[in-house]
Amino acid sequence: MTTTPDTARRGRPRHLATLLTAGALLTACGTAPATAPAAGPVPFAADCPDPGVAITAGPANAAMGLRVLTIEMVNCGIHRYTVTGYPTVRVLDDEHRPLGVTVESGSSAYAAVGGLDANPVQVTLLPGQRATSLLAWRNTLVGPVLPTPLTAGTGTHLAISPTADRPPQTVTPGHPLDFGDAVAPAVAPWTRAAR
């Protein structure tokens, strides 16, 4: 049996404590310093545009010259988003130049499309919630004999703003925007999406 002097036994806990402290210091030196959190709201998706909503559109349902395109807006931010009224829609060609097409806010000219002549209401979206609108148009051509509310043409893209005072987002519906010249296209007010 080997015996250890009492002085060695008493020094062992001190030696162990010194080793543990040194190990902890070395571990702390190898870690990166904590960074301060980023200021301001962080959206759900890295590509969530300012002011915290993303807009998509299309494809259009077409029947007998009537086209109806669903416009969807999702709150991709972390704060509630309130909108009242109509989206602002500009029609762009394939090079993103504006076409001379006037898009009206609401219209009774499209009686077959429910919601286009509805009264706007305030819609508040919590993060992840959606609102929808409709864009309706006819591809009927009347010709230059009658005064027309728009210039006929085929668009490729839409510049859509949640309201007139918000920045637009450009979307490509994936369906030709074949506007006629008989009646101006119209957009419905925002409503909360069912899903």
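The exercises below work through a predicted model of one protein chain, each with a solution in steps.

In this predicted model, local features need pLDDT of at least 70 and side-chain atom pairs count only at pLDDT 80 or more, whereas totals for chains, interfaces and linings use all residues. Residues are numbered from 1 along each chain as its sequence is written, and side-chain values use heavy atoms, with hydrogens and water left out.

**Exercise 1. State how many helices and strands the protein chain has, and describe its burial and its contacts.**

Step 1. Helices (H or I, at least four residues) and strands (E, at least two) are taken as DSSP runs numbered from the N terminus, and the chain holds one helix and 13 strands. Along the sequence the pattern is α-β-β-β-β-β-β-β-β-β-β-β-β-β.

Step 2. Buried means under 20% relative accessible area, exposed over 50%, and partly exposed in between (1.4 Å probe, protein chains only); of the 195 residues, 36% count as buried.

Step 3. With contact defined as heavy atoms within 4.5 Å, 77% of the contacts between residues at least 6 apart in sequence join residues at least 24 apart.

**Exercise 2. Describe the open sheet that contains strand S9, and follow Leu158 from its bridge partner to the nonpolar core.**

Step 1. Two strands pair if DSSP finds at least two bridges between them, and the open sheet of three strands has the order S4-S9-S10 with antiparallel pairing. Its edge strands are S4 (88-92) and S10 (169-171), each of which pairs on one side only. Neighbouring strands of this sheet are turned by 25° against each other on average, direction ignored, where axes are lines fitted to C-alpha atoms, for helices over the stretch in contact, and angles run from 0 to 180 degrees between N-to-C directions.

Step 2. Strand S9 (residues 157-161) pairs with S10 in the antiparallel sense over three bridges, and Val171 in S10 is the bridge partner of Leu158.

Step 3. A nonpolar core is a set of buried Ala, Val, Leu, Ile, Met, Phe, Trp, Tyr and Cys residues joined through side-chain atoms within 4.5 Å. The largest such core has 34 residues, and those with the most contacts inside it are Ile71, Met73 and Leu158; S2 gives the most to this core, with five residues.

Step 4. Leaving aside residues up to four places away in sequence, the residues touched by Leu158 include Leu69, Val89, Val91, Leu135 and Val171.

**Exercise 3. Is Glu72 buried or exposed, and which side chain does Glu72 contact?**

Step 1. Glu72 lies in strand S2 (residues 66-75) and is buried, because its relative accessible area is 15%.

Step 2. A polar contact is a pair of N or O atoms within 3.5 Å; within protein, one must be able to donate a hydrogen and the other to accept it, and residues adjacent in sequence count only if both atoms are side-chain atoms. The side chain of Glu72 makes such a contact with the side chain of Arg130, at 3.0 Å.

**Exercise 4. Locate the cis peptide bond and the positive phi of His96.**

Step 1. Most residues other than glycine have a negative phi, and most peptide bonds are trans.

Step 2. The cis bond joins Asp50 and Pro51, with omega about 20°, and Pro51 sits in the loop between helix H1 (6-29) and strand S1 (53-63).

Step 3. His96 is not a glycine, yet its phi is positive at about 65°. This residue is in the loop between S4 and strand S5 (104-105), and His96 counts as partly exposed because its relative accessibility is 44%.
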